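Let's go through a structure together, one feature at a time. Have the sequence and the 3D view open while you read.

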Amino acid sequence: TKKTTTTTTTTTAMKYLFLSALLVGVATAQDEAVDYGADLSFPMHYYEVSSNFPWLPHNTDPANNPTPPELEGKPIQYLGDKQSFYSDYVQSCVDHYGERGNRCLSNERERVDMSLRQPQSMVNYTKYGYTKIRAPPEVFQLIQEFWQANKDKAKPENWPAGNTYTNHWKAPSKMVNVEDTSYKGGGFVLKQNIWNAARDTISEWTGQQLAECSLYGIRVYPEGAVLATHVDRLPLVASAIINVDQDVDEPWPLEVIGHDGKAHNVTMLPGDLVLYESHSILHGRPFPLKGRFMANVFIHFEPIGPVGGEIVYDTATDLPPYLLPDSPEEQNWRSRNPGGHKIMRTQTFTTGTTEAHKAAMEGNLRELKEYVKNHEEVVNARDENGWTPLHEGVRRANIDIVQFLLDSGSEINLRTGSAKTGGSPLYWAQESHDTEDHPIIMLLKENNAKRIAPGDDVTVQHANDGAEL
């Protein structure tokens, strides 16, 4: 008994001394990357967090203490008893959903499986997989104006039963959705404007042409919120988080596992923008938020080919350009995409929409050229809302699309609306883009475009046959 007591006391003392030294080390290096990796703060590649504590005998005196079988291969756990925290996290989800609580467990298995399978199967576009910058002023201004006008009207965010990506059952998140037309300034035009303003920054960082995939938020996390570490589902690849606003007692870092395999805790202030390869970079906020709230917006694109090159279509494999052939993810991807890779469409197409409209919406110059070559008249075709491919190209802010359509005979002053009393392309360009020196606006003006607003009593002659527009 005496020997057991002595051993326990010695182990406890060693544990105390080690943790004290660790805390001192962390306190003196707050701004440096903490040298740990996956599966310490939250399960990522295993279904549980490592409990391989550094003060255990096999770590302090490996020559005389073999590693227990259950700890073989587990990383050293520097962050304390995170397994108890995680167990409580999952159990509280199970308890909340009662008869549907098994969904919490299945969702966690799926999250971990995807976190292990997907990163090793991806093409990466940057050295580290993430970086932090200040948001371009034009992007942040759009979001801030919307947030300030509507922040007091946040609505509860709806989560599927058993979803474990946040602890919404304990710390319910809210949304001020940029797409919600019930909010002042909300709707598709705002969403498209944010995409347009963010695209160049993300494209320059990745070196890729980008197609829009998802723009989500503004999500408002409350006190106690946790975001489980995960990778995003394809085709969400080239992504950005913008911190819109916060009221916190201490930083609530975004933990990312970089391409170097190390964890990096990235703190954010309003106006900060984190660029990250969300398809391969494990990311989350596994430490509870201390404070009142944090509000973020999430912007996602799909790479479709290198800047200055052709849009990539792998006709041999039908795989997207960011998915490695013969990788662990390929079979899973094919089961969800039996028709092969297609660039994601973020718009709901209306009656009368042609393939030219769709190509212009997606910024797909190759498909547009192919379709117009065989259907020249389509350049002035209207959908049920009176939009032509040129209107779509202008809204998409793709100067190559707009130039091609003008060269192909698109009427530059056609008006939208079923009664042809809506806006001209120049009107929509000026509504969608902030500055008069925007390349799309300048190109339209160089081609003698007229600004015609919806409802304006203006008669414009068709260039070919004199018909009123």
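What follows is a short dialogue about reading this model.

Q: Before we start, what kind of model is this, and how are residues numbered?
A: This is a predicted model, where local features need pLDDT of at least 70, side-chain atom pairs count only at pLDDT 80 or more, and totals for chains, interfaces and linings use all residues. Residues are numbered from 1 along each chain as its sequence is written, and side-chain values use heavy atoms, with hydrogens and water left out.

Q: How do I read the sheet, and in which order do the strands come?
A: Start with the terms: helices (H or I, at least four residues) and strands (E, at least two) are DSSP runs, numbered from the N terminus. Two strands pair if DSSP finds at least two bridges between them. Here, seven strands make an open sheet with antiparallel pairing, in the order β1-β9-β6-β11-β4-β3-β2. At the edges you find β1 (130–134) and β2 (155–156), each with a single partner strand, so one side of each has no neighbour in the sheet.

Q: Which helix packs on that sheet?
A: That's α5 (residues 137–150), which touches β4 (208–222), β6 and β11 (291–306). Contact means heavy atoms within 4.5 Å. The direction of α5 makes about 45° with that of β6; axes are lines fitted to C-alpha atoms, for helices over the stretch in contact, and angles run from 0 to 180 degrees between N-to-C directions.

Q: How many bridges join β6 to β9?
A: Five bridges link β6 (residues 238–248) with β9 (residues 272–277), and the two run antiparallel. For one example, look at Ala238: its bridge partner in β9 is Glu277.

Q: Now the backbone. Which peptide bonds should I look at for a cis case?
A: Try the bond from Gly217 to Ile218, which is cis with omega near 15°; Ile218 is in strand β4. Then try Leu234 to Pro235, also cis with omega near 15°. Pro235 lies in the loop between β5 (227–230) and β6.

Q: Where is Asp326, and is that residue buried or exposed?
A: Asp326 is in the loop between β11 and α7 (328–336). Asp326 has a phi near 60°, a positive value in a residue other than glycine. As for accessibility, buried means under 20% relative accessible area, exposed over 50%, and partly exposed in between (1.4 Å probe, protein chains only). Asp326 has 75% relative accessibility, so it counts as exposed.

Q: What about Asn448?
A: Asn448 isn't a glycine, yet its phi is positive, about 65°. You'll find Asn448 in the segment after α13 (439–446), and it is exposed, at 61% relative accessible area.

Q: How do I describe two aromatic rings?
A: A pair of aromatic rings is described by the distance of the centres and the angle of the planes. Rings of Phe, Tyr and Trp (its six-membered ring) pair if their centres lie within 6.5 Å; planes under 30 degrees apart count as stacked, over 60 as edge-to-face and the rest as tilted. This structure holds nine aromatic pairs. One of them is Phe42 with Tyr86, edge-to-face at 5.2 Å centre to centre and 80° between the planes. That pair links distant parts of the chain, 44 residues apart: Phe42 is in the loop between α1 (2–27) and α2 (57–60), Tyr86 in helix α3 (residues 82–97). Both Phe42 and Tyr86 are buried.
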